[in-house]
Amino acid sequence: MIPMMEFRQFSEQQPAFRVLKPWWDVFTEYLSVIMLMIGVFGCTLQVMQDKIICLPRSTTSENSSEVELLHLQTNISTVLREMKGLKTNLDLQQYSFINQMCYEKALHWYAKYFPYLVLIHTVIFMVCSNFWFKFPGSSSKIEHFISMLGKCFDSPWTTRALSEVSGENPEDNENQMSSSIARSDIVMSPGEGSLEKTQSLRSIPEKIVVDKASASVLDKKEGEQAKALFEKVKKFRLHVEEGDILYLMYVRQTVFKVIKFLLIIAYNSALVNKVQNKVRCEVEIQDMTGYKQFQCNHTMAHLFSKLSYCYLCLVAVYGLTSLYASYWLFYRSLKEYSFEYVRQETGINDIPDVKNDFAFMLHMIDQYDPLYSKRFAVFLSEVSENKLKQLNLNHDWTAEKLRQRLQTNPNNRLELQLFMLPGLPDTVFELTELQSLKLEIINNVMVSASISQLEDLQELSLYQCSLKMHPTAISFLKDNLKVLRVKFDDSREFPTWMYCLRNLEELYLTGPLSTDASKNIVLESLREMKCLKILSIKSNLTKIPQSIVDVSSHLLRLYLHNDGTKLVMLNNLKKMTNLTELEIVRCDLERIPHSIFSLTNLQELDLKENNLRSIEEIISFQHLRKLICLKLWYNSIMYIPEHIKKLSSLERLNFSHNKIEILPSHLFLCNKLRYLDLSNNDIRFIPPEVGVLQSLQYFSVSCNKIENLPDELFFCKKLKTFKLGKNSLSILSPKISYLSALTYLDLKGNHFEVLPQELGNCSALKRSGLVVEEALFETLPSDVRDKMKTE
């Protein structure tokens, strides 16, 4: 006898796998168990009982006299005694031999092997039904999926997320949740199918209630586990959606079962009547038994006949169920799964639809219980993931920790700088003293309405941050924000809400902008910014945007920094008559734009890193009566025109990093100069007229080819910073002592052999302000050195 335990491996899988078995698979498993019992029962009878019993048949070859005599004797004996059976004179071994011969020769093969056929077919059905759970290419995916399903279902974050979107208070329904969900050992899986395909989701209650512990604040360990689950689900989805091996495997095994069902029905229906009780047997064994013909009785024919009809009925039901499964497979679009109902019921609108094997497994789960798909969908949502990250972020960055990072920025505001965080901690909004917030390289920043608690916030810096604003937050910034700095690389990082900041005074934009509407990011109208005073744009513009004209009436400072792209069409500058400071940097200008000469209120002009070679137009600057600072550094200027003397109001002049060889004496007629930078040129000689600059406080001629200094230079007695480094000087005049206000002197990189001891008379000059080789410093008298080392 074959024990039933031997067949359990064909019908049983891990308990968790049941979620991937729809009702028809479960039903056919029960049918398979019944058929298996029929087969085992029949095989047991075959082994334990006699299969067939045979008796010899009498022949008609005896003569009539013998018959008559026998008949007469029989009649006589009947009178004398009771009638008895015919005697054959065969022993037990002969009967056993006859039974075996007739079983093999006369009994139909179907009647002999029926129990074994039932057993074999049933085992094949069982193996086929579970083949996709065992095949290496599919079993690995199923195991990973079931593992994640269970972990996601048991995760406190699942119940927390669903309870939050449902608006349900989990503490009020603790008992309900513990009885209906908490004991489940599998998590819901993200199911996908069209709206018609997931009608079972209608039965899912809209409000999922969780137990008190899971709905409360997650601890750090639970948060990290949920975060890891999000990553696993993402990677698993990318892997599984690439193919459809699970779908094809299930389709093939279902089609195979249908074909086998038709085959069994066909040949069993034709042969079931071959199971008969009486069987005639004729074998050539007269020499051994004396008989040739035998009448046999198949002892189990009646039982096998009933069992065969019962088996046919079971196979028919099994086959019809398989046909329904085939209809479901081919009629439904199982390679696509839609979470439309889940999105509607949970309010989590960003749950994506899935496809291929991922979709197929979710359809299978829906046949078991659609609740699993709904709960698993939480881990497909970026919104849910961001909420989890936010929760973990708040745990890591407490208000006390953030308060320790507060610093005072150059604008004398209390600033908090956050760099490369996964989001913006909500605890930031507890720092009510915060005045400036600087965020760098932070994605998925959601600024909630809580920002309105920062009543002192005036400055916001966003460097490569994708940020979303709550309407209440926009309203708050609209009235309170004074300074906005934005550095962006694509349109997702560009804050479109900035256009409504009506009280904004300073705006700094760094990133790819365009004046062409067909391009990626275009600067729109700035009309709402009625208070804007400073505008800085670092981009690759080819012309000044028309939107800048919107603020031209009240704009005071304009900074245009290009990446070397040529800036043309500067006529819009004429409309900015109130500008006091203008920077046009790296715009590939070859001439000084004429539109600048209309800016009568201009005080500072910076044309750094352009392509200026000639500055003959500089004479027109005489109309800019308020111009006090002119920076023409980092260009290719060869000479300075003599009519620079017309710029009598200049106080700061920068010609550094050019190609100037000769200094015109007229330059020093700008007698109000306090700052003059001529470093990094090819100057060999400084005119004695430099002594006219009695207001000069900063003078730099480092990195030139100067060999001598005029004595008149030392009459600039207000000079505080004097840079002579990297020239060809060999002697420093003792008249250096006239510069009593000197605090910084750079002599390094010259040909000095000794320093004049008169340096000791420069009372404000200390060792830290004297840039010179150590060996050269040692040439000074010891008392001078000691004096200079004394701070």
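**Salt bridges and a strand pair in a predicted model**

Me: Arg767 forms a salt bridge with Glu774 in this predicted model. How far apart are the closest N and O atoms?
Reply: Happy to start there! A salt bridge needs a side-chain nitrogen of Lys or Arg within 4 Å of a carboxyl oxygen of Asp or Glu. Arg767 and Glu774 meet that rule, with their closest N and O atoms apart by 2.9 Å.

Me: Is Arg767 buried or exposed?
Reply: The cut-off for buried is under 20% relative accessible area. Its partner Glu774 has 45%, so Glu774 is partly exposed. Arg767 has a relative accessible area of 19%, and therefore Arg767 is buried.

Me: How many salt bridges does the count come to?
Reply: Side chains of opposite charge can pair when their charged atoms come close. The pair Arg767 and Glu774 is one example. By the 4 Å rule, the count comes to 20.

Me: Nice. Which helix holds both Glu340 and Arg343?
Reply: These two side chains meet in a salt bridge, 3.0 Å from N to O. They sit three residues apart, about one turn of the helix. The helix spans residues 340-346 and is H15.

Me: Which of the two, Glu340 or Arg343, counts as buried?
Reply: Buried means under 20% relative accessible area. Glu340 has 25%, so Glu340 is partly exposed. At 13%, the buried partner is Arg343.

Me: Which residue is linked with Glu340 and Arg343 in a network of salt bridges?
Reply: The side chains of Glu340 and Arg343 meet in a salt bridge. The network links these two with another residue, Asp353.

Me: How many residues apart are Glu433 and Arg403?
Reply: The side chains of Glu433 and Arg403 meet in a salt bridge of 2.9 Å, N to O. The pair links distant parts of the chain: Glu433 is in the loop between strands S7 and S8, while Arg403 is in helix H19. Along the chain, their separation is 30 residues.

Me: What is the relative accessible area of Arg403?
Reply: Partly exposed lies between the 20% and 50% cut-offs. Glu433 fits there at 26%. Arg403 is partly exposed too, with a value of 36%.

Me: Now strand S2: which residues make up its covered face?
Reply: S2 runs over residues 278-282. Lys278, Arg280 and Glu282 form the uncovered face. The covered face is Val279 and Cys281.

Me: Which residue in S3 does Lys278 stand opposite?
Reply: S2 and S3 run antiparallel, joined by five bridges. S3 covers residues 293-298. Within S3, the residue opposite Lys278 is Asn297.

Key
Residues numbered from 1 in each chain as written. Predicted model: local features only at pLDDT ≥ 70, side-chain atom pairs only at ≥ 80, totals over all residues. Heavy atoms only, no water. Helix = DSSP H or I, 4+ residues; strand = E, 2+ residues; numbered from the N terminus. Buried < 20%, exposed > 50% of the residue type's maximum accessible area, 1.4 Å probe, protein only. Pairing = 2+ DSSP bridges.
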